[in-house]
Amino acid sequence: MSLDQAAKTASTPRPKSRFTFSQHMNELSLFVAIVVLYVVFTSAANGFLSFNNQINILRDAATIGIAAWAATLIIIAGEIDVSVGPMVAFISVILAFLLQWGVPTPIAFALAIVVGALLGSIAGALRAYFDVPSFVGTLGLWSALRGTALFVTDALPVSIGRNDTLDALDRSFLGIPPAAIIMLILFAVFTFISRKTAFGRSVFAIGGNAQAAFLSGISVSKIRVALFAIAGAMAAVSGILLVSRLGSGNATAATGLEFDVIAAVVVGGTSLSGGRGSMLGTLLGVLVITLIGNGLVLLGINPFFQQVVRGLIIVIAVLANIQAIKRSVSRNKG
């Protein structure tokens, strides 16, 4: 059985035209939701449409989006990663220490990304070779990274002093934050990987039916380790951008980022059961989550209630996903 056949067999069987129509309907509904959010917040929140606030929206979207591209592949593969927030904070601390020790900035960046990939691969190896559920493995990583970062810094920011390279990463280019440009470049890369490469097809095949993918010759274990290593590397990129934005490494930063990332991916139409999803859907999901968070802050909504809103968004998105799968199954039976 070839890789393409495995992907078709593993994924939910449905006519191509119906899948395409369903996917576009999901993306269209998200686009409409973004327009509605802009209309509502423009009329209700002072300063929402200001240039500075739009720049803030792009920066916030980049923080979520860069991690969300890797999370999309992980969830398509039927796994989950809840370690994103502490990973970003831990890498920001590591980078700040490297710069304090006089390591050249490009080398410090490279080391930070390598450390992120290695840490991510730990969770991948636990899932691939020891059959530890990815939720449990990444939850353990979540606790270890957050605790270690807080311990070595005493919960205080790690200053880096003046750094021209990091300053440039936080300086807008033609009115667009570099973080947003990096996010969009990575979006194009991950879209290509998911649609046009054997690795991307393998991810969909594993998410649809891991056993069938294994029998077709796909190295399921290696793909799983690679996915979590990629997620760690993307968290490291977010950590680098966080340091450029704050001017320091901070162990308490990116709190709750993992929930925003998961919410964006699920809102974007990626199925938590695996085998279905798209990068475009995740991009629109990132914008929805970012706009809601930004608008609630401008409206002066209590931060604790904002967490309630995020939780409701995740639950509603999961329910919508389940209903979409049930409708798909009933159509195929019919």
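**Notebook: a look around Gln54 and beyond**

Entry 1. I started with Gln54, which sits in helix 3, residues 51-76. A caution to myself: this is a predicted model, so every value here is computed from it.

Is Gln54 buried or exposed? I looked up its relative accessible area and got 19%. Buried means under 20%, so Gln54 counts as buried.

Next I checked what the side chain of Gln54 reaches. It comes to the backbone oxygen of Phe48, at 2.6 Å. I then listed the contacts of Gln54, skipping neighbours within four places in sequence, and found Tyr38, Phe48 and Leu49. Two of these names, Tyr38 and Phe48, came back in my next entry.

Entry 2. Aromatic rings this time. How many aromatic pairs are there? I noted a count of four. One of them is Tyr38 with Phe48, and it is edge-to-face, with 5.2 Å from centre to centre and 65° between the planes. The angle is what settles the label, because planes over 60 degrees apart count as edge-to-face.

Where do the two partners sit? Tyr38 belongs to helix 2, residues 16-44, while Phe48 lies in the loop between helix 2 and helix 3. They are ten residues apart, and the pair links distant parts of the chain.

I also compared how covered the two are. Phe48 is buried, at a relative accessible area of 0%. Tyr38 is partly exposed, at 26%. The 26% is neither under 20% nor over 50%, so Tyr38 gets the in-between label.

Another pair I wrote down is Phe97 with Trp101, which is stacked: the centres are 5.8 Å apart and the planes 20° apart. Here the angle is under 30 degrees, so the stacked label fits. Trp101 itself is exposed, with a relative accessible area of 64%.

Then I went back to Tyr38 and Phe48 and found that they share one aromatic cluster with Phe41. I drew the three rings in the margin, with Gln54 next to them as a contact of Tyr38 and Phe48.

Entry 3. Backbone angles. I looked for positive phi values outside glycine and wrote down two aspartates. Asp131 has a phi near 60°, and Asp154 has one of about 55°.

Which parts of the chain hold them? Asp131 falls in the loop between helix 5 (105-129) and helix 6 (134-153). Asp154 is in the loop between helix 6 and strand 1 (158-159). I marked helix 6 on my sketch, with Asp131 in the loop before it and Asp154 in the loop after it.

Are these aspartates buried or exposed? Asp131 has a relative accessible area of 60%, so it is exposed. Asp154 is also at 60% and counts as exposed.

Entry 4. Last, I zoomed out to the whole protein. I noted 14 helices and two strands. The radius of gyration is 20 Å, close to the 20 Å that the globule rule gives for 334 residues, so the protein is as compact as a globular protein of that length. Along the principal axes, the C-alpha trace spans about 65 × 50 × 35 Å.

How much of it is buried? The buried share is 50% of the 334 residues. The accessible surface comes to about 15,500 Å², and 69% of that belongs to carbon and sulfur atoms. I also looked at contacts with a separation of 6 or more: 81% of them join residues 24 or more positions apart.

Conventions: Residues numbered from 1 in each chain as written. Predicted model: local features only at pLDDT ≥ 70, side-chain atom pairs only at ≥ 80, totals over all residues. Heavy atoms only, no water. Helix = DSSP H or I, 4+ residues; strand = E, 2+ residues; numbered from the N terminus. Buried < 20%, exposed > 50% of the residue type's maximum accessible area, 1.4 Å probe, protein only. Polar contact = N/O pair within 3.5 Å; in protein donor to acceptor, adjacent residues only side chain to side chain. Contact = heavy atoms within 4.5 Å. Phe/Tyr/Trp six-rings, centres within 6.5 Å; stacked < 30°, edge-to-face > 60°. Rg over C-alpha atoms; globule rule 2.2 N^0.38 Å. Areas by Shrake-Rupley, 256 points an atom, 1.4 Å probe, with all protein chains shown as cover.
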